[in-house]
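Hi,

Here is the structure I said I'd pass on. Have a look at it first, and my notes follow below.

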Amino acid sequence: MSRVMGRADLLALTVGIVVAAAVTAVPMPGVTAQAAAAFVIVAMIGWIAWQDLSTFTLPDGPLVALALTGAALRLSQAFDLPYEALVIAIDAVLCGGALLAIREGYYRWKGVDGLGFGDVKLAAACGVLVGVTGFAHALLAASAFGIALVLALSLRSGAVAIDRLPFGAVLAPACGLVWVLSSLV
């Protein structure tokens, strides 16, 4: 399904580009750019989670803004820019590729989409933000929370079968939590 970016997506993308440029232009002691980046990350994660809960879709603009801001933060802290840029690209490909492989494997096994392509794009953006190891932790936390949520909902009296879960709504906050926790270390 081809989707054209709406005004809100373009606004998110523009904000991501501006903040990413500010973060890379201002040295690490520049708290203002870092605070703006943190605000953008939290806002984009909230937007992504809310839209997935509401419509079972993930917005492209905030996904790109999240990736750009994450890349800018990582590059602003790097000593070797070309090396870090390569690592960021590899992280995005590995994280997005892992969910793409799960998506395709499930489709071939069951004949239905069990994971949306938006979740694959979110995985790539999260890989940029927190790296492969951080994404593994976020994926584990999101999966465990998703399973617990489905179990809790199914144990209610009069519960109906749950046939789908907006996974981006739990994965995006999990990536955000991993990012916050890794920033504290």
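Let's start with helix 5, which bends by about 110° at Gly131. The bend at a residue is the angle between axes fitted to the seven residues ending there and the seven starting there, and helices are DSSP runs (H or I, at least four residues) numbered from the N terminus. The end-to-end span tells a similar story: helix 5 covers residues 117-154, and a straight helix of 38 residues would span 56 Å at 1.5 Å a residue, but the end C-alpha atoms here are only 26 Å apart. The expected span is 1.5 Å times one less than the number of residues.

Before you go further, bear in mind that this is a predicted model: local features need pLDDT of at least 70 and side-chain atom pairs count only at pLDDT 80 or more, while totals for chains, interfaces and linings use all residues. Residues are numbered from 1 along each chain as its sequence is written, and side-chain values use heavy atoms, with hydrogens and water left out.

Now set helix 6 (residues 168-184) beside that: its 17 residues should span 24 Å, and its end C-alpha atoms are 24 Å apart, which agrees. Buried residues in helix 6 include Gly168, Val170, Leu171, Cys175 and Trp179. Buried means under 20% relative accessible area, exposed over 50%, and partly exposed in between (1.4 Å probe, protein chains only).

Trp179 also turns up in the surroundings of Ile41, a residue of helix 2 (residues 31-55). Ile41 counts as buried because its relative accessibility is 0%. Leaving aside residues up to four places away in sequence, Ile41 touches Leu66, Thr69, Leu73, Leu129 and Trp179, where contact means heavy atoms within 4.5 Å. Ile41 and Leu129 are 88 residues apart along the chain, yet their C-alpha atoms are separated by 9.1 Å.

How do helix 3 and helix 4 pack? Helix 3 (residues 60-76) and helix 4 (residues 81-110) pack at an angle of about 145°, with their axes 10 Å apart. Axes are lines fitted to C-alpha atoms over the stretch in contact, and angles run from 0 to 180 degrees between N-to-C directions. Ala71, Arg74 and Leu75 of helix 3 make the contact with Leu81, Glu84, Ala85, Val87, Ile88 and Asp91 of helix 4.

One last spot to check is Phe56, in the loop between helix 2 and helix 3. Its phi is near 60°, a positive value in a residue other than glycine. Phe56 is partly exposed, with a relative accessible area of 34%.

Cheers

Definitions and conventions
Helix = DSSP H or I, 4+ residues; strand = E, 2+ residues; numbered from the N terminus.
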